[in-house]
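Please open the structure in a viewer and keep the sequence panel visible. The tour below proceeds by selection, from the whole chain to single residues.

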Amino acid sequence: MLFFATAFCSLCSAAELRKVALSGELVPGNSGVFAGFGVPVLNDAGQVAFVGTRIVNGFGTFNGIWSEGNGSMALVAEAGSLAPGTTQNFLSFQRLALNDAGQTHFCGSTADGIGIWSEGNGPLSLVAIEGHAAPNTSGVFWSVANGFPIPVFNDTGQTTIIGTVITPGIPDNQQGIWATKSGTLALVALAGDAAPTNSPGEFFANPFSNPVINSEGHLAFLGGLTGPPEVGGNFGTAVWLEADGILTEVARTGVSIPGTTHTVLGFDNPVINDLGRTAFRGHLNGNAGWGVWSEGSGNLDLVARTGDEAPGTTASFSTLHLPVLSNTGETAFQGALFGPGVDQNNSSGIWAERDGSLALVARAGDIAPGTNAPFSYFTNENNPVINALGQVAFTARAGGADGIWAQDSSGVLSLIALEGDTIDVGNGGNPDLRTIAHLDFISNSLVMNSGNGDGRPSGLNDLGQLAFRAMFTDSTSGIFVSSEAAVNGDFNNSGMVDGADFLAWQRGESPIPLSISDLVIWENSYGSSTLLSAVSTTVPEPSSHVVILLGCFFAAIYWRT
């Protein structure tokens, strides 16, 4: 047990910025040099995974996936190598996810088509691929991602996918949801199957949405409903929760929903957290606008609706984008404004729930922290991401440059990186300053954002660390992890991280009570002073005091059990 606690943090960095990989530097095993990178993903151990390319002997590029999940950077899969579960080689890789166990899950392509592979059962293995049999059906997969693969993968190695099936004798393709609940892919819901609703004669129907999965293996997804033509035909759609083999209807079109007297015309993709609670955006009937609903409090509640006054402003919401939901039940979303004083320079913002109420995080027109310029816009409708501490991170433009901002655990917003800034990428104390030309964080990619409990890939972990890609003015690029917004281990606010903070953790007085992630934070910051500036503070390796305290703690657990 003591070994687990120390190994879990083997990659946590003492510096504010950790260089993970840099183009031109050797890849693991000295088999060429890195040439470029995709947008990285990050887990709660501070480990990173990414799609990258390497060059060997100055020519030829090889596309592959690298991960720190086993404790050090290693190649997971590469184009030209045999794709497990097939007779074909990998051709390319698309999006990937990395869970807290250090396992990867990704979408790739072969000559047979697009497929999904996972390390959830140990060695890399095939989950599903176009042209192969669709479990629990008589057909084959025509698509396993509907052209937009979003990897969804939980911390126990389970995954869920949306697929489209071609079945002999059935004229229309059927969409469905599958999940690997017991190590193998199994059907959850399929168009044409009876739907467990309160109205007899209803069946699942196309379309379904990309599903999400939490750490307990519970799913949330959007599914169509239909019935026999003689009783009305198409019944609309519903938000579904699947838990322990039981499907439950959370909300559906055509019926009233909390917070309004209107019925719902349609929904967007729902999200889920580790408590099994969902959040989603819905479109109301009668030109009544849009709303965001969440079960974060334990009940389904209206969080925000177009036309309502937007907190932190004197304006009203005109648009609400897709929400994310943290593991502590807080929602966050991007929105647009209308009303007095609103113009094209201040008409968008980001809001999040904090301490039980919705609050403004950032607004266009406000001065962007770390700069002398106002936010001009937020770079993707899918902004932002949120973690279990309620920290929000997002990408935006300020003063003609794109940047990444994140809140600390108190909600204070700070700049993580900005185009035009310099980064020291040198090794061994030899400075090598490079100027950022472009930044990429998971929130400005095409992947829908995460609350870290929905199985989606994330660039912000529950320690407050953030992973990003930087492209430099000299055409090089790199992968980095910032600890600028990371939580320190001074749980009793004494100004020093010491044994008293470990006792505070034992009493449940850390940000996430009794969590491994807070224990990791304490271990890595043990011996440091939180009264020093972030730049000048150095964090020593865990000392013998840490080993003794952890040993006593885990020994106590052992003897209790």
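The stops that follow concern the whole chain, then one strand and its partners, and finally one residue.

**The whole chain**

Begin with the entire protein chain, bearing in mind that this is a predicted model. A cartoon view coloured by secondary structure will display four helices and 38 strands. The chain has 561 residues, of which 56% count as buried. Switching to a surface view shows what remains accessible: about 22100 Å² is exposed, and carbon and sulfur atoms supply 53% of that area. Contacts within the chain may be considered next. Among those between residues at least 6 apart in sequence, 47% join residues at least 24 apart.

**Strand β27**

Select residues 331–338, which form strand β27. How many of its eight residues are buried? Seven of them are, and the strand is accordingly described as mostly covered.

**The partners of β27**

Keep β27 selected and add residues 316–320, which form strand β25. These two strands run antiparallel and are joined by four bridges. To locate one pairing, select F317, whose bridge partner in β27 is L337.

Next, add residues 324–325, the strand β26. Its arrangement with β27 is likewise antiparallel, with two bridges joining them. Here V324 stands opposite A332 of β27. Follow the backbone from β26 into β27: the two strands form a hairpin, with five residues between them. Within that turn, select G329, which has a positive phi of about 90°.

Finally, add residues 348–354, strand β28. Which sense does its pairing with β27 take? The pairing is antiparallel and extends over five bridges. One position to highlight is F333, which has W351 in β28 as its bridge partner.

**Residue T104**

Now move to another part of the chain and select residues 104–110, which make up strand β8. T104 belongs to this strand. Is T104 buried or exposed? It counts as buried because its relative accessibility is 0%, and the cut-off for burial is under 20%.

Show side chains around T104 to see what surrounds it. The T104 side chain makes a polar contact with the side chain of E119, at 2.7 Å. Leaving aside residues up to four places away in sequence, T104 touches A49, S67, V76, A97, L98, S118, E119 and F153. Selecting these residues together with T104 completes the tour; E119 appears both in this list and as the polar partner of T104.

Terms used:
Residues are numbered from 1 along each chain as its sequence is written. This is a predicted model: local features need pLDDT of at least 70, side-chain atom pairs count only at pLDDT 80 or more; totals for chains, interfaces and linings use all residues. Side-chain values use heavy atoms; hydrogens and water are left out. Buried means under 20% relative accessible area, exposed over 50%, partly exposed in between (1.4 Å probe, protein chains only). Two strands pair if DSSP finds at least two bridges between them. Contact means heavy atoms within 4.5 Å. Accessible areas come from the Shrake-Rupley method with a 1.4 Å probe; for residues, only the protein chains shown count as cover. A polar contact is a pair of N or O atoms within 3.5 Å; within protein, one must be able to donate a hydrogen and the other to accept it, and residues adjacent in sequence count only if both atoms are side-chain atoms.
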